[in-house]
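Me: I am new to this structure and would like a close look at a single part of it. Please pick out one residue, describe its surroundings, and then place it in the rest of the chain.

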Amino acid sequence: MIASLVAIAALCLHVAGVFAAMHAVMHTRTAQGAFAWVLGLVLLPYVTLVPYLFLGASHFGGYVDLHRQRQARFFMLHEEAIRHGRLRLLSRSMPVADPRYDAIGRMLQTAMHAGNALLLHVDGAATFGAMFAAIARAERYVLVQFFIIHDDNLGRRLRDALLERAAAGVKVCLLYDSIGSHALPDTYVGALRNGGVEVHRFATRRWRNRFQLNFRNHRKVVVVDGVRGFVGGLNAGDEYLGKKPPLAPWRDTHMEIEGPAVADLQRVFAEDWYWVTGQRPPSSPPPERCGRAATMIVATGPADRQESCSLFFAQAIHAARKRLWITTPYFVPDQAVFGALRLAVFRGVDVRILIPDRPDHRTVFMASTLYAHEATLAGIRMFRFREGFLHQKVMLVDDDTAVVGSMNLDNRSFRLNFEISALNVDEAFAASVEAMLESDFANSDEVNPNDYRRLSYFRRVALHVARLFDPIL
């Protein structure tokens, strides 16, 4: 009797595995990912079926519809304004064209705005010092979004700063990711709500979001009064100040924007906020001109019709003619991005990529190690940062373009996470990024192709096995 029940259960699992495999073939975004899921679901449904329920989904409703409707409306109004010469009624800053990045703007139906003042914050202390100072000066509203918020010293400083502004009559909206901030206690959220802060968690699914590891909102955005905005790689926790070993010190970068591009930061936040709450957060027109930099806010995610994050990196890499310096904590590029990097080398571009020397996620680190070795064989100069854990996401193109944001060079950023970065064309800002990266490279060791060859055979096998998990890293 027991044997018969076990056999029936096994048969049901295999049948369910076959149907799940059919779903994977139809909906998984890459052929590599679909093949991996199909093999596992058909041959080992006992092991892979439950993970597929939480990792295999590649689309969701609601947010997609909202996102695409917003993009369609933006494009329609933009084209209508150009035809009637009324563009200034829609934006207080005339968009500027840069042939190198126009394809990115058309893909995302966004624009590059001139007249921005930019400030680079090279570490957590500088970032949160400036951020808290800006919040303290808020007069109308504060919009805050983080992937991770911890209930520690820095997290409580953020809480207290928001409560102080809410008590002063300022409208405060806080959005955090439900998986990234899974450890955030109810008491923290309750204190904010009791103090007048509107706080919500970002969730793309209603009933199983706690276990839905895909479609995380990885963005980090702060907007104050529609005038000043912050974007970059830092979350709100003590480790981002380098206060939590073994990853300390923590190497990360943020930037501050004042000017017309802040309107697009507001728009991205508003889209996420509206999906969660059904309401629109406060907004106001940005100042017309605060500086000389041209900035495009690049917001990507799985709701886009195209694989926009991967395409963004590919286009930015193709734009390089002299220099391409990239820093990323996770170097697991897809074929399009890896191919673009190799072509840049053949164009004579100085391609350098800086990655960590210590892991925070062991499997990703092992896959990155193999890709780093293959990159060196293609003429890409790879460096490992030795002064702590490198978490910054920065790209420097030639002498005038610098990108700062939340995007990693991995499949999760390319296809599964909501990300945001600022692409800035300004020689002065690029020079400050160059100086920062030169210091980082000076505190790094260059990867040698022989480093891989010195590994034991079984260690090399382990690296190749780790790379098999590319689709979900």
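**Arginine 323 and the rest of the chain**

Reply: Proline 249 lies in the loop between S7 and S8, and that loop is a short stop before the main subject, arginine 323. The model is a predicted one. A cis peptide bond joins alanine 248 to proline 249, with omega about -5°. Proline 246 lies in the loop between strand S7 (228–232) and strand S8 (250–251), and the peptide bond from proline 245 to proline 246 is also cis, with omega near 10°.

Now to the part chosen for a close look. Arginine 323 is found in strand S11, which covers residues 323–327. Is arginine 323 buried or exposed? Its relative accessibility is 7%, so arginine 323 counts as buried, because the cut-off for buried is under 20%.

Which side chains make polar contacts with the side chain of arginine 323? One is the side chain of aspartate 399, at 3.0 Å. Another is the side chain of glutamate 434, at 2.8 Å. Leaving aside residues up to four places away in sequence, arginine 323 touches Val349, Asp350, Leu396, Val397, Asp398, Asp399 and Glu434. The two polar partners, Asp399 and Glu434, are among these residues.

One of the residues touched, Asp398, has features of its own. Aspartate 398 is found in the loop between strand S15 (394–397) and strand S16 (401–405). Aspartate 398 has a positive phi of about 55°, although it is not a glycine. With a relative accessible area of 10%, aspartate 398 is buried. A similar description can be given for aspartate 225, in the loop between strand S6 (221–224) and S7. Aspartate 225 is not a glycine either, and has a positive phi of about 60°. Its relative accessible area is 8%, so aspartate 225 is buried.

Serine 310 belongs to helix H11, residues 308–319. Serine 310 is buried, with a relative accessible area of 3%. Not counting residues up to four places away in sequence, serine 310 touches Asp334, Ala336, Val337 and Phe414. Serine 310 and aspartate 410 are 100 residues apart in sequence, yet 8.9 Å apart in space, C-alpha to C-alpha.

Another strand to look at is S4, residues 171–177, which is mostly covered, with six of its seven residues buried. Strand S3 (residues 141–146) pairs with S4 in the parallel sense, over six bridges. Within this pairing, leucine 143 has cysteine 173 in S4 as its bridge partner.

The surface offers a contrast. Tyr457, Phe458, Val461, Val465, Leu468 and Phe469 form a nonpolar patch there, with about 660 Å² of accessible area together. Phenylalanine 469 is found in the segment after helix H17 (457–467). At 42% relative accessibility, phenylalanine 469 counts as partly exposed.

Finally, the chain as a whole. The chain has 17 helices and 18 strands. Of its 473 residues, 56% are buried. Among contacts between residues at least 6 apart in sequence, 81% join residues at least 24 apart. The chain exposes about 19900 Å², and carbon and sulfur atoms supply 59% of that area.

Key
Residues numbered from 1 in each chain as written. Predicted model: local features only at pLDDT ≥ 70, side-chain atom pairs only at ≥ 80, totals over all residues. Heavy atoms only, no water. Helix = DSSP H or I, 4+ residues; strand = E, 2+ residues; numbered from the N terminus. Buried < 20%, exposed > 50% of the residue type's maximum accessible area, 1.4 Å probe, protein only. Polar contact = N/O pair within 3.5 Å; in protein donor to acceptor, adjacent residues only side chain to side chain. Contact = heavy atoms within 4.5 Å. Patch = residues over 30% accessible without salt bridge, like charges linked within 9 Å, V, L, I, M, F, W, Y side chains within 5 Å. Areas by Shrake-Rupley, 256 points an atom, 1.4 Å probe, with all protein chains shown as cover. Salt bridge = Lys/Arg side-chain N within 4 Å of Asp/Glu carboxyl O. Pairing = 2+ DSSP bridges.
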